[in-house]
Every structure is written in structure tokens, then in C-alpha cells.
Amino acid sequence: MPTEEICQHFNELRSDLVLLYELKLGLSTCEYELQALRHQYEALAPGKTLEIPPSLLSNNDPTMPTEEVATRPKALSEVIDVVGSAATPMSMAPSFMKKIEDFDEASRQNADEECLRKKRELEERLVPKTEDHIDVEKTIQRLQNEARLRRQQEEDQIDRKLKEMQYIQEKEQQEDLRKKALELHNNEARRRKCACTEKLQTFLKSFHESVMSCLEKESFLQTIQMKLDRVTALKNQFELVVNDTNIDDPLVSAVRSENIVKQIEDLIQVIKEDITKHNAEVQQRVTASKRQSESSVVLPAVVPNIVSESKPAEHKANNPKIETADDVDFVFSEDLKLYSELMAELTQYEASAAAFSSDPSLKSLRFDLQKAVVHPVNEISDQSGQHLQDKLDRLRNLLQGNAVSVGTKRVRATEHPGGLEYCSNVLARRLVQQGEDQVNVNPKAAFPIAAVIAELWLEFPIFGRLVLAHFYRQCPYLVPLYLPQQEGQSNEDYYKSLGYRYSGGKVEQQPAYLKRMSGVVRLYAAVMISLPRRNQPHPHGLQQAWRYLASLLNLSPRNEITAAILVELLTVAGHALTKEYGKQFQKMLHLICTDYFTMIRNVTPKGSGGGPVTRLQEFLHESITKGGIPPPAGQLPPRFW
């Protein structure tokens, strides 16, 4: 039987066992927390390992699995069987058990507090006081983001290099294809150029045989001289095109050479037909009469039956320094010869295009070609060098027989025989008319138009003679030629030959006529002072202006028109003539200011107003006052385009 003393000792032993059990349980909990902190540290700091001192472990074995250390022991009631002694009444068991439970609760609280204390101490030892857990997470996040960004940049760089390599490969493939295509085009261009050269030689050989078989050759060749010059010009142009090596598109020169050969073929065919007709006519005359066969074909005079005007005697007496024409006082023989030749060429040129102009089936083509001429001509301005170059290129392509754009269509002047002659004549006439339409209103517009005329004249000499012929037809005073009224000629025909306009049977008013003629003269003077690009010689430059002034001053002046011409000519070309001829031009200008201006005053009726005479007087006075003639307003600078 257990006595009370034994029960007391047992209870004390039991209390010690319970305390030991609780301490062991607390120690296991601390070890579990310690292992958890070690794993968390290793996760936060990759590559680092936290060594836990063996003294902190219950079994001194850091390799023991955490699950075995943290295994919870059996319940206390399962280990200790509390029994009472004989002297202890059974009613004491519940109170005793309650005390045991209270003790267990207190032990647990003490163990939890101890665990928390040890946990805080361990955290203080493991984590520096200067960096908390949030800073560590931010650092880790930043490092992860930087690593992710580096990986993304490396991937982007790899993709970019791959794309660059792919692009380079594609470019190399395209370049290889382009070289192969260019080589094929070069071979095709050489083949076509050789074919064109052989064809041209055949045509020229046949043409030479036809010319040699022509009867009365010398007189007949004079009548077709313009066509022969056209053949020569096309031949020279063909040689330039054949020798041209267009790097970008070699087929362009081949197509142009074929177009030129086609033009030469058409022109030679027309000349052969003319020779055939001429030979037939000559044979008929030979058969009819031997006397007619000996006669030669002579061109009709352009200005027939010109009635000479008597020159005032007082002009000879009062102005001995001014030389006059030997036979007539309205034109010099050399100027009249040039005028007659140009008018004959213009008439023949218009006749060669007559079939094309009158064919009803070609009305649509004529309309398109007119638009191809009118649109770029109307758009000529000094807006910029590139703008002016574009208009020149469009007109040059048209005269070369290349395809040009008209709206949504592409037209070519060589699509039909006579089309190129038609376009050339329309373009020459339209450019000269700009003097009446544009320059008349805006004097500065003369210089870009003149620059285009000079460039086209330089490249197409036949076209340049057409332009000069239209200048002379529009304003005969540019020859200079003071046309007299012929016997039997009506007033209307006479005034029209001088350039007057008729409307409703009434002649144009003198101020309007003088203003139009001033625009034409200003444009003509602007052409003579225009500087060709690439330092090429001017086809109709300052030497022509000097020749014209010399001829004009050796003719007696006419009322108003002579003064109007001198004002425009000296305003535009005076500065350039001064630089070119120096003192010689100063002497000419002095002659104009003294003797010749007196002659102009003498032929000006009193009370007529004398607008051009007044302007000439003011211009001469200003030139003398300033000591020279300034450059004309609106003149294009040397490197404008």
C-alpha cells in the first residue's frame, strides 16, 4: 500500500518528469524553428549555407532529419498513470488532475516564451541589424529583375544580329539578281544597238544612192536642205546615244537609238518620195522642152516686190557718223537673206507636218501632244532650279521622241510620221508667244523661259532655228526689218505682217501693240544673255545682240517702235554688253544718247505723247547719271540650276 510519504515523493517525481518533458518539447520546437530559419536564409542568399552550432541541437547531430527532432512524444497521460494511495481519498483525484493540467499550461506558456526569446536571439545573430528582411527581399527582387533584363537584352541582341544577317543575305541576293539582270540588259542593249547601227548604215547607203540619182541635184537639195540637216542632226544624236552607257538602265539608250533610227527611216522615206517626184517632174520637162531642162528650180522670194522708201536727206546731212544701207533703208541685205532663209525653212517645216495636222483620225493624238507642250511651257518659272530642270527634261524628252506623260496616258511624238515636226513647231511657236502672254505682264518671267530656250537650242540646233524664225515672224523688227507696205497690199495684210492683231475688222491699238512687241523683244534679249550650263558656247549669244544693235543703229528709226525696242534691249542686255565689249559699247551708247536719239525725236510726231520715247530718254539719263547699266531685275544667278 502506498503511504502518504510515498505518494508525496511520487508526485514530486512526477512533477519533475512533466517539467523535463515540457523542456524537451520546447527544445524540439526551437530546433524546428532553427532549421526553418536556416532554410529561409539559404533561399534568400543563394550559394551561402548557415552553419548551426552543434551546441544548439539536442542530440548534437545537425544532420538529423527535422521530422525526427520535431516528432511530438506521447501524451503525458499515456506515460504516467497517476494512482492514489490508500490514505488518499478518491475524491482528491480530480483536484490533483486539475493542478496537473494547470501546471502543464504554465509549462507550455513558459516554453513558448522561451522559444520566442531564443528565436529572437537567433534572428539577431543571423540577420545584421543594418538590413531587415524587407531590404533583403527588395535586393533579391532587384537582382532578379536585372538578371531578367540582361537575359532579355541578350535575346534582343541575338535577334537583332540574326535579322541583320538575314537582311544582309537578302541584300546580297538582290544585288546578285540585279547584277545578273543588268548583265542581261547590257547584252540585250548591245545587241539592239548593233542591230540599229546596221539598219542605219543600210538606210544611209540607200539614201546616198537616192541622192546621187537625183536630177538637177544642186537646185533640188536646196529645197530639202532643212530635211537634210535634220537627218544629219539625228545621225549625230544617234552616235551620242549609242555611245552612252546608262549604268542604271542600259535599255533606255537602246530604245532611244531605235526611236532615232525610226525617225531617220521615216525622214529618208519622205526625202526619197520627194526625189522621186522631183525626178519625174524633171523628166517631164526634159521630154517637153530642152530649154526647161536647163533651167533650175529657184525658191520664191520671201519678201517680193519690196518698194524702197526714200531716206530723209537731212538724216544724211545731220548724222554723217551713222551708216545706212546701200540700197534700202529698211533692212540690210545680209539680214534679209537670213530672214528669207528662216521663213523658207519654217514654211517647209510646217508643210512637212501638214499631213499630220490635217488628218482627222489623229485629232486625239494631236490634242495630247499639244497638252504635252503647253503644260510644261506654262509652268516654267524661277520657283527653283529643280522645278525648272523638270520642265526642261519634259520638253527635251518630247523633242527626243521619248514617251512623255499626259495625264494618265503616255504619248510619243514619233508615233506617227510628221508628229515630231508638229511638236517642234508648236513648241517653238508657244515659247515665243510667252513673250506676248507672260513677259508682257511679268517682265521677270523672261529669264527662266529664255534659259529653257537656250538649253533646247543648244541641244537641238534645228529647233533653235525654228524659234528664231518664229521670233522674226512675230516681230520683224528683231531682224531688224522695217517692212514697207507693198503696192496693192491691203492695210490689214500689211499690219498683220508687222505683228498687229485684227479683231472685228479693226486693227489693234498702238499702246497694246507696243506692249506686246516689248515683251517679245525682252524675251529675245533674255535668250541672248542666258548663260548655258557646263560652260558650253551659246548658240545665239551676245555677239548677236551686238550685231543687231549695229544693224538697228544704221537704219533710220521709226516712230515709237524703235524707242520701245531700244528700251527693252538695253535694259536686259546692256549690262552684259558693257562687260563683254567695254569701251566699244560705251561709244555705241554715247551715239544712241546723242545723234540717234535726236533722229528718234525727229520722227516722233508732235503731240503724240511719245511714251516709248520718254521711257528711252529716262533710261539713258539714269544710265549716264549712275555711270552704267545695272543688271536686269529677275535675271537667274549663274548656278541657279
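**Salt bridges**

In this predicted model, the count of salt bridges comes to 22. A salt bridge here pairs a side-chain nitrogen of Lys or Arg with a carboxyl oxygen of Asp or Glu, within 4 Å. Three of these pairs are visited below.

Select Glu258 and Arg192. Their side chains form a salt bridge, with N and O 2.8 Å apart. Glu258 belongs to helix H8 (residues 251-288) and Arg192 to helix H5 (residues 133-212), so this pair ties together parts that are 66 residues apart in sequence. Glu258 is partly exposed, at 28% relative accessible area, whereas Arg192 counts as buried, at 19%. The cut-off explains the label for Arg192: buried means under 20%.

Next, select Glu379 and Lys391. The closest N and O atoms of this salt bridge are 3.9 Å apart. Glu379 is in the loop between helix H13 (363-378) and helix H14 (385-399), while Lys391 is in helix H14, and the two are 12 residues apart. Which of the two labels, buried or partly exposed, applies to Glu379? With 37% relative accessibility, Glu379 is partly exposed. Lys391, by contrast, is buried, at 5%. Now add Asp390 and Arg394 to the selection: Glu379, Asp390, Lys391 and Arg394 are linked in a network of salt bridges.

For the third pair, select Glu568 and Arg522, whose side chains meet in a salt bridge of 3.1 Å, N to O. Glu568 lies in helix H21 (residues 561-581) and Arg522 in helix H19 (residues 510-529), so the pair ties together parts 46 residues apart in sequence. Both residues are buried: Glu568 has a relative accessible area of 16%, and Arg522 has one of 9%.

**Helix H23**

Select residues 611-626, which form helix H23. How many Å should the 16 residues of this helix span? At 1.5 Å a residue, the expected span is 22 Å, and the end C-alpha atoms are 23 Å apart, which agrees.

Now colour the buried residues of H23, which are Pro612, Val613, Leu616, Phe619, Leu620 and Ser623. These residues cover an arc of only 125° around the axis, which puts them on the same side of H23. A general property of helices helps in reading this pattern: an α-helix has 3.6 residues a turn, so residues three or four places apart point the same way.

Display H19, H21 and helix H22 (583-603) as well, since the buried residues of H23 pack against them. Then turn the view to the other side of H23, where Glu618, His621, Thr625 and Lys626 are exposed. Following H23 is Gly627, with a positive phi near 80°.

**Helices H16 and H17**

Select helix H16 (residues 446-459) and helix H17 (residues 461-474), whose axes come within 5 Å and cross at roughly 135°. That angle makes H16 oblique to H17. To see where the helices meet, show the side chains of Ile453, Leu456, Trp457 and Glu459 in H16, together with Pro461, Phe463, Gly464, Arg465, Val467 and Leu468 in H17.

**His185**

Return to helix H5 and select His185, which lies in it. His185 is partly exposed, with a relative accessible area of 31%. Which residues does His185 touch, not counting residues up to four places away in sequence? The contacts are with Pro250 and Leu251. His185 and Pro250 are 65 residues apart in sequence, yet their C-alpha atoms are 6.3 Å apart in space.

**Backbone details in two loops**

Most residues other than glycine have a negative phi, and most peptide bonds are trans. The next two stops depart from these patterns.

Select Val479 and Pro480. The peptide bond between them is cis, with omega near 0°. Pro480 is placed in the loop between H17 and helix H18 (491-497).

Then select Glu560, in the loop between helix H20 (542-553) and H21. Is the phi of Glu560 positive or negative? Its value is positive, near 70°, in a residue other than glycine. Glu560 is also buried, with a relative accessible area of 10%.

**The whole chain**

Finally, show the entire protein, which has 23 helices and 4 strands. Of its 641 residues, 39% count as buried. Among contacts between residues at least 6 apart in sequence, 75% join residues at least 24 apart.

Notes:
Residues are numbered from 1 along each chain as its sequence is written. Side-chain values use heavy atoms; hydrogens and water are left out. Buried means under 20% relative accessible area, exposed over 50%, partly exposed in between (1.4 Å probe, protein chains only). The expected span of a helix is 1.5 Å times one less than its number of residues. The arc is that of the directions from the helix axis to the C-beta atoms. Contact means heavy atoms within 4.5 Å. Axes are lines fitted to C-alpha atoms, for helices over the stretch in contact, and angles run from 0 to 180 degrees between N-to-C directions. Angles under 35 degrees count as roughly parallel, over 145 as roughly antiparallel, 65 to 115 as roughly perpendicular and the rest as oblique.
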